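Trainee: Please take me through one part of this model in close detail. I would like to look at the aromatic rings, and then at what surrounds them.

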Amino acid sequence: MTELLLLLAGLLGGALNTLAGGGSFIVFPALLAVGVPPVLANASNTFAALPGYISGAIGLWKQMVAQKHLFLPYGIVSVVFGYVGAELLLRVSDAQFSLVVPWLMLFAVVLFAFGGQINAFVAARAGSSRGAKALGAVLLYALLAGVSVYGGFFNAGLGVLLLAFLTLAGIANIHAANGLKLYMSSLIALVAVIRFAFAGSIDWYHGTIALLGVTTGAYVAARLSTRIPTGIIRTLVIVYGVGLTVYFFWQTYAA
């Protein structure tokens, strides 16, 4: 039953990541449900998500190659501060991380629910005279550093934050932005997974089952994506995410 639960959670999570995002809302709680400790569950969730990021970045290579001058600077910041986030996760105990999980879930749900509005707001600001240029390179890279730390520490909601950053950075082409988002997500997740692996903080058995499910679900959903209304899926994910967040708050602070 444990293996079946993780495989199904991976299938659903991978499909959601392809169709609307929010796969971590399925996979991370499933890892907790089968008894994986919180810190290991979070690290294993990042491991399970990694192949989807890489395959997505490869698929959008042609769209983002025009921005290849950004690969090195954005890549360096993603790797360095993604590592910082992973290191931060390894510095907290399961009990400490459990106290933070409800707040991270709440933050991720808000990002998921209002990601469109957030990106539209950022786009309007970026297009004004006080946009990305006025922020200056230092502030812009500081923002990317902060997002990368978050991604190395907790994976859910990373995509929305990276899209907001890229909008501020002046990347107007949505396909190029999506490609760069996946490129940076891949680097953040990769360096985090390597750090977690050296620390022995990945549950390889359960994480691999989830990974197989995520990869399969993402592929199947990509083939069926034109037949499935993403608006309905997003609504269901938000409702589920809110319920899950409420449950985590109750379990942590009221139970």
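Mentor: Start with the ring cluster of this predicted model. Phe28, Phe97, Phe107, Tyr150, Phe153 and Phe154 are joined into a cluster by ring pairs. Over the whole structure, a search turns up 14 aromatic pairs. One of them is formed by Tyr74 and Tyr141. Their ring centres are 5.8 Å apart, and the planes meet at 70°. That pair is edge-to-face, because an angle over 60 degrees falls in that class. The two tyrosines come from distant parts of the chain, 67 residues apart. Tyr74 sits in helix H5, residues 71-90. Tyr141 belongs to helix H8, residues 132-153.

Are these two partners buried or exposed? Tyr74 has 4% relative accessibility, so it counts as buried. Tyr141 has 30%, so it counts as partly exposed. The cut-off for buried is under 20%, and exposed starts over 50%.

Now the fold around the rings. The chain has 12 helices and 0 strands. Read from the N terminus, every element in the run is therefore α. The radius of gyration is 17 Å, close to the 18 Å that the globule rule gives for 255 residues, so the chain is as compact as a globular protein of that length. The C-alpha trace spans about 55 × 45 × 35 Å along its principal axes. Of the 255 residues, 49% are buried. Take the contacts between residues at least 6 apart in sequence: 81% of them join residues at least 24 apart.

Next, the empty space. Rolling a probe the size of a water molecule over the atoms shows where such space is left. The largest pocket has a volume of about 1100 Å³. Its lining takes in 40 residues, and the closest to the pocket centre are Asn17, Thr18, Gly21, Lys181 and Leu182. Several helices supply at least two lining residues each, among them H1 (2-19), H2 (24-33), H6 (94-113) and H10 (174-198). H7 (115-126), H9 (158-168) and H11 (204-224) do so too. Helix H3 (38-59) gives the most to this lining, with 6 residues. By class, the pocket lining holds 18 nonpolar, 20 polar and 2 charged residues.

There is also a closed space. The count comes to 1 cavity of 30 Å³ or more. The volume of the largest cavity is about 40 Å³. Which residues line the largest cavity? They are Asn17, Gly23, Ser24, Val27, Asn45, Ala48, Ala49 and Val214. H2 and H3 each supply at least two residues of this lining. The largest share comes from H3, with 3 residues. The cavity lining has 4 nonpolar and 4 polar residues, and no charged ones. Asn17 links the two spaces in this account: it lines the cavity, and it is among the residues closest to the centre of the largest pocket.

Finish towards the end of the chain. Val239 lies in helix H12, residues 230-254. Val239 has 56% relative accessibility, so it counts as exposed. Its C-alpha atom is 9.6 Å from that of Ala113, although the two residues are 126 apart along the chain.

How values were computed. Residues are numbered from 1 along each chain as its sequence is written. This is a predicted model: local features need pLDDT of at least 70, side-chain atom pairs count only at pLDDT 80 or more; totals for chains, interfaces and linings use all residues. Side-chain values use heavy atoms; hydrogens and water are left out. On a 1 Å grid over the protein atoms alone, a cavity is a set of points where a 1.4 Å probe fits but cannot get out, and a pocket is an open set with protein on both sides within 12 Å along at least five of seven lines; lining residues have an atom within 4 Å of a point. Grid points are joined across faces, edges and corners, and a volume is the space filled by probe spheres set on the points. Helices (H or I, at least four residues) and strands (E, at least two) are DSSP runs, numbered from the N terminus. Ala, Val, Leu, Ile, Met, Phe, Trp, Tyr, Cys and Pro count as nonpolar, Asp, Glu, Lys and Arg as charged, and the others, Gly among them, as polar. Rings of Phe, Tyr and Trp (its six-membered ring) pair if their centres lie within 6.5 Å; planes under 30 degrees apart count as stacked, over 60 as edge-to-face and the rest as tilted. Buried means under 20% relative accessible area, exposed over 50%, partly exposed in between (1.4 Å probe, protein chains only). The radius of gyration is taken over C-alpha atoms; the globule rule is 2.2 Å times the number of residues to the power 0.38. Contact means heavy atoms within 4.5 Å.
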